[in-house]
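Reader: Hi! Could you walk me through this structure before I head back to the bench?
Author: Happy to, have a look at it here.

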Amino acid sequence: MIFFKPTWVTHEDNKPIFSIDIHPNCSRFVTGGQGESGGKVVIWNLAPVLSEAAEDDPKVPKVLCQMDNHLACVNVVRWSNEGHLLASGGDDKLVMIWRLTNEGSSSVFGSGKINVETWKCIHTLNAHQGDILDLSWAPHDGWLASGSVDNTVIIWNAAKFPERVALLSGHTGMVKGITWDPVGKYLASQSDDKSVKIWRTGEWIEETAVTDPFVDCSATTHVLRLSWSPDGQYLVSAHAMNGGGPTAQIIERDGWRQDKDFVGHRKAVTCVRFNNNIFKKVYPGSPKTQQYCCCGIGSRDRSVSVWLTSLKRPLVVIKDLFDDSVLDISWSSNGSFLLACSWDGSVACIRFEEAEIGTPLSNSEKNALYEKLYHKSSWNIGFTGTQIAENPEILTAIDKVVESSKAKTFPKDEEMLPPKTPIKEVPPALESPKVNMNTTVFVPVNKQVETRLPSGKRRITPMLLTPSVPTNSPKDSELKIEIPMYETGTFSSSSPKKSKIIVETVKQSPKPQITKPAVLQENTMVIHPPGKQINQLMCCEVPGDEPIIQVINVLDSQKIPTGTAVLKNSGSQKVQITNKCHKTSKGFLGKIELFKTQSDKTPQWETFLGSLIRCAAVNRKLIVACCEDLTINTYDIKSGARPLPPLLIEDLVSSLSLSKDCYCLVLTKTGLVHMWDLSKGKSVISRVSVRSLLTGKTVVSGFCMSQRIYQ
């Protein structure tokens with residue numbers, strides 16, 4: 001084992017690094033923390049950390065990309081399990097989702113640094129009322145959980161950002177840590193209210209709350225990052241107390257028992273992170289191969305300890321590794337090394353030999369373990385975590401059902417069965433019931449509940465499935481089933497028969513909280529454009545506003561017509577906007593051209609945008625263009641260069657005004673006002689609601705600034 005600290009991995013002026021995470025393919029890692037004037041996310045090359053030759057090679061870049069989009073300190077960064085997305089959360093109450101683009105290298109605004117890679121913020125999630133302290137991706141990458149100082153946990157639908165799956169509001173203190181059960185059945189959260197809550201992901205309800213180990217704890221840590229073991233058997237919390245001393249509490253999955261803990265740290269435990277691998281080793285004096293998990297623990301006492309679940313003592317304790325509190329730990333996917341970051345602004349690396357830490361289980365061995373523990377292979381664990389059987393009685397019942405179903409045959413259809421192939425798990429909200437020829441067929445009852453929302457939308461409650469096999473059926477071979485055997489959609493008759501389902505309509509009063517969306521039947525599904533759903537979610541969270549339920553689109557957004565348009569107020573120069581100038585595989589492009597005079601036919605410069613331009617404004621210094629992808633782009637009128645990176649807002653622009661002093665005022669179609677001082681690159685007004693002034697059928701004919709407003 002060796003450990004070292006790469007001195008070049010640091011934010012400017014040794015500012016705190018609050019989070020660190022290693023990419024699943026071990027090619028890069030990311031840090032998040034404090035920047036010069038806001039939050040900073042930096043993606044680093046991992047090769048110079050692990051190799052001295054790569055570190056000394058000037059051709060090997062150390063920094064791959066730096067993103068300064070967060071307006072305040074970044075508290076957490078997390079790669080998705082597949083590594084295609086990066087999530088970051090900070091004190092600006094925002095969660096940003098990043099994706100690597102093929103745009104190549106670019107310069108960091110305001111500095112001479114070069115970004116080797118370009119990571120673009122593709123989604124901004126704005127729903128929390130306080131700082132974001134922790135993030136965690138579900139094992140299947142379908143959900144992202146975020147914890148905040150507003151005492152809530154929000155579950156986001158990663159397939160349809162910024163759609164929310166659930167809002168968990170059971171905590172009475174700041175949520176400082178969240179982690180997913182690797183099996184997908186539970187989500188755990190730890191809070192300053194001296195509790196760890198475990199939630200069922202099937203119904204999004206509280207399974208249990210663990211409080212005893214945290215009664216004597218004080219809110220002295222910035223984060224409380226807990227972790228679940230890769231075999232799903234143990235949940236280890238941060239900052240617990242036992243006999244007056246700080247511990248990391250071990251909570252067993254079987255009955256949520258709390259009779260074990262990790263002891264030895266002198267101050268509160270801040271972060272816990274399990275190695276993603278399950279290891280095996282043959283210990284001296286033992287003929288059997290022992291399987292175990294590995295866990296890293298960081299503390300306010302500036303030390304890091306590594307534990308194996310097969311040993312009563314730690315594998316290693318590195319004291320005074322940092323000059324301040326340890327804030328985050330991340331393991332490599334191969335399990336051979338870990339990175340830790342600290343409040344002192346430094347990063348440490350600890351590498352292990354296989355003889356020290358053990359041999360990781362192969363995929364087949366891990367699948368066999370999951371089959372033994374949960375009656376389900378690890379590759380087959382997905383959204384349907386609630387279907388996992390975890391006790392012998394359920395497993396025995398499943399075996400009996402399988403055996404009894406084998407006795408029943410369908411002679412006429414047996415030869416028509418398609419070959420068996422692995423079925424990919426899908427989210428419960430998208431999953432379609434399927435008929436198994438070898439089991440009892442279930443059909444919906446002839447009644448369903450239809451809830452009428454205040455917005456006029458309908459919500460259909462899922463129908464209960466009941467056995468369709470008659471009790472007095474003489475022979476299985478004579479059983480007639482009216483449902484198509486290989487129908488992949490919902491249970492519905494293919495012939496145009498009148499529905500026999502009784503619909504019970506219930507009116508629902510407005511409820512501001514977000515609940516798990518109900519599964520809609522195929523014949524009654526109402527499809528809404530994504531924009532309206534996004535607006536409803538985001539508008540409800542504007543401070544000082546009542547939730548908007550009936551009116552979402554307050555104003556019509558401006559739209560430059562397709563073709564060529566010339567902007568006014570550009571003086572002797574001519575600014576020309578052309579939409580749909582070129583078609584690509586991802587849509588149409590917009591183009592901005594500047595001509596020296598009104599009669600010129602050759603532009604002085606031109607630039608292309610990856611989205612259609614909705615509205616634009618110009619003065620003697622700048623051109624401002626608002627696009628359909630919700631970005632506001634600025635260009636220097638002389639050179640065509642970008643003085644600022646694109647500004648991302650929550651909705652389409654309804655009106656735009658640009659003063660001669662480069663103050664930009666924007667009104668969105670949902671009644672929110674933004675204002676920036678573009679010359680200084682700072683925000684003056686952010687998300688101020690004027691919806692109370694826009695009642696009835698309001699038409700905005702103009703939008704401008706007076707000298708008094710922006711001085």
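**Cysteines, core and charges**

Author: Keep in mind that this is a predicted model. Let's begin with Cys293, which counts as buried at 1% relative accessibility.
Reader: How many disulfides are there in the whole structure?
Author: A search of the whole structure gives 0 disulfides.
Reader: Why is Cys293 not bonded to Cys294?
Author: Their sulfurs are 8.8 Å apart, which is too far for a bond, and Cys294 holds the closest cysteine sulfur to that of Cys293. A disulfide needs the two sulfurs within 2.5 Å.
Reader: And what about Cys627, where is its nearest cysteine sulfur?
Author: That one belongs to Cys626, 7.4 Å away, and Cys627 is in no disulfide. Cys627 counts as buried too, at 5% relative accessibility.
Reader: OK, switching to the greasy parts. Which residues touch the most other members in the largest nonpolar core?
Author: Val304, Trp331, Leu338 and Phe352 do, in a core of 21 residues. Several strands each supply at least two residues of this core, among them β25 (269-281), β26 (290-299) and β27 (304-308).
Reader: What does Val304 touch?
Author: Leaving out residues up to four places away in sequence, its contacts include His265, Ile297, Val316, Phe322, Ala340 and Ile350.
Reader: Nice. Now charges: how many salt bridges does the search find?
Author: The whole structure has 23 salt bridges. One of them joins the side chains of Asp13 and Lys15, at 3.4 Å from N to O.
Reader: Is Asp13 buried or exposed?
Author: Asp13 is exposed, with a relative accessible area of 68%. Its partner Lys15 is buried, at 18%, because the cut-off for buried is under 20%.
Reader: Which pair has both residues buried?
Author: Glu593 and Lys591 are both buried, and their side chains meet in a salt bridge at 3.7 Å, N to O.
Reader: What about Arg687, which residue does it pair with?
Author: Arg687 forms a salt bridge with Glu650, and the closest N and O atoms are 3.2 Å apart. This pair links distant parts of the chain, 37 residues apart: Arg687 sits in strand β49 (residues 682-689), while Glu650 lies in the loop between β45 (647-648) and β46 (653-658). Arg687 and Glu650 are both buried.
Reader: Which residues are joined into one network by salt bridges that share partners?
Author: Glu252, Asp254, Arg257, Asp259 and Lys260 make up that network.
Reader: Thanks, that helps a lot!

Technical notes: Residues numbered from 1 in each chain as written. Predicted model: local features only at pLDDT ≥ 70, side-chain atom pairs only at ≥ 80, totals over all residues. Heavy atoms only, no water. Buried < 20%, exposed > 50% of the residue type's maximum accessible area, 1.4 Å probe, protein only. Core = buried A, V, L, I, M, F, W, Y, C linked by side-chain atoms within 4.5 Å. Helix = DSSP H or I, 4+ residues; strand = E, 2+ residues; numbered from the N terminus. Contact = heavy atoms within 4.5 Å. Salt bridge = Lys/Arg side-chain N within 4 Å of Asp/Glu carboxyl O.
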